[in-house]
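Let's take a walk through a protein model together. Have the picture open while you read, and look up each residue as it comes along.

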Amino acid sequence: MGTPEFAVPALQQLIESTFKPTLVVTQPDRPKGRNRKLSPPPVKVRAMEIGIPVVQPENINSPDAVEAIAAVNPHVIVTAAYGEFLGKTLRELPTFGCLNLHPSLLPLYRGSSPVSAALLHGDTVTGNTIFRLTRKMDAGPILYQRKVGIDPQECYTELQDRLAEMGGADIICTLEMLQEGTITEIRQDHSQAVFCGKIEKEDTVIDWAHPAQSIHNKVRSLALLPGAMTGFRESPIKIIRTEVLEEPSSGLPGTITELVKNRGIKINTGDRQLFVAEVQPAGKKIMSAWAYHLGAHIKAGERFGHAD
């Protein structure tokens with residue numbers, strides 16, 4: 001069971017293993033793009049390319065959905081970013097239960113944005129957890145966990161892709177241990193749980209009065225999508241790549257202090273200057289900050305700030 005691009009590597013690696021899925025469950029096709037054309041989830045696309053049967057229930061806990069899943073007599077159900085709560089009937093249906101791939105070191109960052117949360121908090125280590133689904137969100141016993149270091153410049157898209165690739169191998173390792181009977185389930189310490197919710201529009205807005213490191217972490221946690229938002233000349237613009245400098249700020253937060261030839265833009269924050277290397281103006285592709293400057297004729301002394 002999975003829906004977005006994050007779940008595709010896990011599906012692919014399961015297909016290539018001795019645990020090839022007999023059924024794929026994913027969300028229904030949804031309208032996408034300007035034309036609102038119905039678009040299939042990435043997991044459905046890959047499953048159909050391979051020829052694995054796909055079901056797309058509106059309600060995974062409906063009698064029809066449960067019946068369709070029970071018909072394949074599953075030994076185990078594996079979920080990865082499926083996007084819907086599995087009720088007790090489904091959780092108890094497979095012989096070996098329901099396992100979920102979660103890209104954090106649980107009980108840290110339970111919820112819908114664990115990769116972004118790790119970057120936003122400036123963590124240097126994260127990882128994947130395979131746990132058994134229970135009634136409470138991301139609270140089941142841990143079956144397998146793997147840690148990985150975070151590069152100081154790594155952004156959300158890069159880290160999520162890396163964890164997704166790792167996730168397939170982590171699931172297969174867990175299934176092998178389940179098959180051999182060598183797993184020791186570890187109960188989570190709920191007192192140590194940290195939660196992260198859905199990222200809202202207001203969460204993406206940069207406050208230039210914050211410290212440079214805090215802004216840098218926000219930019220990393222939102223790049224490449226949805227992107228950290230600010231404004232320039234009363235138009236929205238996304239900041240995609242940044243670097244914290246040692247130079248102290250020399251004026252109002254958000255003020256451009258220097259244009260570095262062929263490289264980018266230096267901007268004041270609440271403490272140090274922040275170097276901006278890549279941006280994405282509204283309606284345009286990601287580009288270097290220097291290329292943006294060449295088109296917009298930016299000058300030192302102009303300010304970045306909020307724009308709707």
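What follows is a short tour of some rings, helices, loops and backbone oddities.

## Before we start

This is a predicted model, in which local features need pLDDT of at least 70 and side-chain atom pairs count only at pLDDT 80 or more, while totals for chains, interfaces and linings use all residues. Residues are numbered from 1 along each chain as its sequence is written, and side-chain values use heavy atoms, with hydrogens and water left out.

Helices (H or I, at least four residues) and strands (E, at least two) are DSSP runs, numbered from the N terminus. Buried means under 20% relative accessible area, exposed means over 50%, and partly exposed is in between (1.4 Å probe, protein chains only). Two residues are in contact if they have heavy atoms within 4.5 Å.

## Rings that pair up

A pair of aromatic rings is described by the distance of the centres and the angle of the planes. Rings of Phe, Tyr and Trp (its six-membered ring) pair if their centres lie within 6.5 Å; planes under 30 degrees apart are stacked, over 60 edge-to-face, and the rest tilted. How many aromatic pairs does this rule give? The count is 3. Take Phe232 and Tyr292: the ring centres are 6.4 Å apart and the planes sit at 70°, so this pair is edge-to-face. Phe232 belongs to strand S11 (residues 228–232) and Tyr292 to helix H8 (residues 289–296), so the pair links parts that are 60 residues apart in sequence. Both Phe232 and Tyr292 are buried.

Phe232 also pairs with Phe304, and this time the rings are stacked, with 4.6 Å centre to centre and 25° between the planes. Phe304 lies in strand S17 (residues 304–305) and Phe232 in S11, so this pair ties together parts 72 residues apart in sequence. Phe304 is buried, just as Phe232 is. Add Trp208, and you have one aromatic cluster of Trp208, Phe232, Tyr292 and Phe304.

## Helix H1 and its partners

Angles between axes run from 0 to 180 degrees between N-to-C directions, and the axes are lines fitted to C-alpha atoms, for helices over the stretch in contact. Helix H1 (residues 8–15) and helix H2 (residues 42–50) have axes that come within 9 Å and cross at roughly 20°. H1 and H2 are therefore roughly parallel (under 35 degrees; over 145 is roughly antiparallel, 65 to 115 roughly perpendicular, and the rest oblique). On the H1 side, the contact is made by Val8, Leu11, Gln12 and Ile15, and on the H2 side by Pro42, Val43, Arg46, Ala47 and Ile50.

H1 meets helix H6 too: the axes of H1 and H6 come within 7 Å and cross at roughly 45°. That angle is why H1 and H6 count as oblique to each other. Here Pro9, Ala10, Gln13 and Leu14 of H1 touch H6 residues including Ala164, Gly168 and Ile172.

## Helix H7 and its surroundings

Now find helix H7 (212–222). 9 of its 11 residues are buried, so H7 is largely enclosed by the rest of the structure. Helix H5 (114–120), helix H6 (156–180) and strand S12 (235–248) are among the elements that cover these buried residues.

His210 is in the loop between strand S10 (195–196) and H7. Is His210 buried, partly exposed or exposed? His210 counts as partly exposed because its relative accessibility is 39%. Beyond its neighbours within four places in sequence, His210 contacts Ile215, Thr269 and Gly270.

On the other side, Gly227 sits in the loop between H7 and S11. With 1% relative accessibility, Gly227 is buried. Leaving aside neighbours within four places in sequence, Gly227 touches Thr204, Leu222 and Lys238.

## Backbone oddities

Most residues other than glycine have a negative phi, and most peptide bonds are trans. Yet the bond from Leu225 to Pro226 is cis, with omega near 5°, and Pro226 is in the loop between H7 and S11. The bond from Leu106 to Pro107 is also cis, with omega near 15°.

Arg36, which is not a glycine, has a positive phi of about 55°. Arg36 is exposed, at 52% relative accessibility. Asp138 has a positive phi of about 55° as well, but Asp138 is buried, with a relative accessible area of 11%.
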